[in-house]
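Please work through the exercises below with the sequence and the model open beside you. Try each task before reading its solution.

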Amino acid sequence: MTKTSLICGSLATDTIMQFPGRFGESLLADQLHKVNVSFLVPTMRTEFGGCSGNIAYSLKMLGGDPRIVGVMGQDSAAYLERLQKLGISTANILIKADSYNAQCFVTADADNNQINAFHPGAMSFAHENPIANAGPAKVAIISPDGDQGMLKHAADLTELGIPFMFDPGQQLPRFNGDQLIDFINKATYVSANDYEMEMLMERTGLSLPDIASRLEALIVTHGEKGSEIYTDGKRIDIPVVAAKEVLDPTGCGDAYRAGLLFGITNDLGWETSGRLASLLGAIKIATQGAQNHLFTPASIADQFEAAFGYRYE
């Protein structure tokens, strides 16, 4: 049986700029209705990102078989070349020649306050990329993407009989209660952080037990407090793994989900899958950028054994 995971979600580039001062020193509280300000940013870096790219990156290093279903624009060449070098298939990435890649422009100040601008670009056309073209898979994930695309992928995966994880992330506010209930009813798994979980319950009117009862597993992450997996009427507490250092949380949730998908495709069970996901999040946070951490399947197995006292292989 195939162990392929279909990774539906955004592919983006992040331009990250550092302002050495403080925004508050340049912004006048009584003049915010007519802001005209420029910040000198001596340092700037560009990172590959987007939820599907980040998830596929970690899943491939684990030894998984990710297949991205996403959309990119006319400036996609460098990202496509990178994915191909990593051995990640680009066959199901749709190119929109009249659009640009989704891009996030981040300016951070000395206190790590951020002013962000996000251009969805080609991501907005996710609904034009037929998921059936990606072929058979053991599992799929619908991560943040164009909202029309997320709705269509859920309907198409259900019709194809491919179990999927719904991971709404920052796109959750784009959907109303009925749409979110429909996602939950179609999904096999739902993954969300604690804030998103509160919003999901508020929008749908469903309690956490109500949502969990409709799924094979509900995964709720709590940052440095670990995570919980609700499955088969019980709760599994997943401990956090201490990071060597905390440099950059960007992409930690995506690394975590890669661990979950690897566990699902390899039948590791929820306790082991959750612990593997927790370990990947700790590894990612110790590296700047969403796709710069490095490991091998063997090194992950060793680190897992060191953290939890047994091997998952």
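Three exercises with worked solutions follow.

This is a predicted model, in which local features need pLDDT of at least 70 and side-chain atom pairs count only at pLDDT 80 or more, while totals for chains, interfaces and linings use all residues. Residues are numbered from 1 along each chain as its sequence is written, and side-chain values use heavy atoms, with hydrogens and water left out.

**Exercise 1.** Determine whether S5 is buried or exposed, and list what S5 touches.

Solution. Begin by placing S5, which belongs to strand 1 (residues 4-8); strands are DSSP runs of E with at least two residues, helices are runs of H or I with at least four, and both are numbered from the N terminus. Next, take the relative accessibility of S5, which is 1%, so S5 counts as buried (buried means under 20% relative accessible area, exposed over 50%, partly exposed in between, with a 1.4 Å probe and protein chains only). Finally, leaving aside residues up to four places away in sequence, S5 touches L59, D65, P66, R67, V139, L261 and T265, where contact means heavy atoms within 4.5 Å.

**Exercise 2.** Describe how helix 3 and helix 4 are arranged, and which residues make their contact.

Solution. First, the axes of helix 3 (residues 147-160) and helix 4 (residues 177-186) come within 10 Å and cross at roughly 30°; axes are lines fitted to C-alpha atoms, for helices over the stretch in contact, and angles run from 0 to 180 degrees between N-to-C directions. The two helices are therefore roughly parallel to each other (angles under 35 degrees count as roughly parallel, over 145 as roughly antiparallel, 65 to 115 as roughly perpendicular and the rest as oblique). The residues in contact are M150, L151, A154, A155 and T158 of helix 3, together with Q179, F183 and K186 of helix 4. As a last step, look at burial: G177, L180, F183 and I184 are the buried residues of helix 4. Seen down the axis of helix 4, these fall within an arc of 120°, so they line one face of the helix, the arc being that of the directions from the helix axis to the C-beta atoms.

**Exercise 3.** Find where D232 and D267 lie, and state the sign of phi in each.

Solution. D232 lies in the loop between strand 12 (227-231) and strand 13 (234-238), and D267 in the loop between helix 7 (252-265) and helix 8 (270-285). Most residues other than glycine have a negative phi. D232, however, has a positive phi of about 55°, and phi of D267 is likewise positive, near 55°. D232 is exposed, with a relative accessible area of 72%, and D267 counts as exposed at 61% relative accessibility.
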